[in-house]
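Here's a quick walk through one model, with an eye on its helices and charged pairs. Have a look at it first.

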Amino acid sequence: MKKAISIWDAEIIRQALIGSITKLDPRKLIKNPVMFVTLVGAVITTLSVFTEATDRGFILQLSIWLWFTVLFANFAEALAEGRGKARA
C-alpha cells in the first residue's frame with residue numbers, strides 16, 4: 001500500500017510557488033483568457049497608481065486584489081499539477 005501524499009508536502013509547495021511565478025508569462029497565461037485579462041488589468045492598475053493624481057488609495061487596493069487573484073490562481077493550478085505528478 002502506498003503512503004498518501006499530503007497536499008502540504010514541502011516539495012510540492014516549493015514547486016507550486018516557483019510554478020505560480022513562471023506562469024505569469026503572458027505566452028502561458030493567454031491559454032486562460034480570464035486570468036490573462038486579470039493580469040492585464042493588474043498591470044494597468046499598477047501603472048495607474050503612479051500616474052493618476054486622484055483616488056490612489058482605491059486604485060492601489062484594486063491593483064492589490066487583482067495581483068492576489070492572478071497569483072493565487074496560478075499557485076492553485078501549479079499545486080494541482082504538482083499533486084497530480086506526485087500521484088503518478
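What follows covers one helix, the core it helps build and the salt bridges.

This is a predicted model, so to speak of local features takes pLDDT of at least 70 and side-chain atom pairs need 80 or more, while totals for chains, interfaces and linings use all residues. Numbering starts from 1 along each chain as its sequence is written, and side-chain values use heavy atoms, with hydrogens and water left out.

Let's start with helix α4, residues 56-87 (helices are DSSP runs of H or I, at least four residues). Its end C-alpha atoms sit 46 Å apart, which agrees with the 46 Å expected for 32 residues, taking 1.5 Å times one less than the number of residues. Among its buried residues (under 20% relative accessible area, 1.4 Å probe, protein chains only) are Ile59, Val70 and Phe75.

The largest nonpolar core has six residues: Ile12, Ile13, Ala16, Phe75, Ala78 and Leu79. Such a core joins buried nonpolar residues through side-chain atoms within 4.5 Å. Both α1 and α4 give two or more residues to this core.

Now the charges: there are four salt bridges (Lys or Arg side-chain nitrogen within 4 Å of an Asp or Glu carboxyl oxygen). Here are three of them:

| Pair | N to O |
|---|---|
| Arg14 and Glu11 | 2.8 Å |
| Glu77 and Lys23 | 3.7 Å |
| Arg27 and Asp25 | 3.0 Å |

Shared partners join Lys23, Glu77 and Glu81 into one network. Arg14 and Glu11 both lie in α1, three residues apart.

Notes. Buried < 20%, exposed > 50% of the residue type's maximum accessible area, 1.4 Å probe, protein only.
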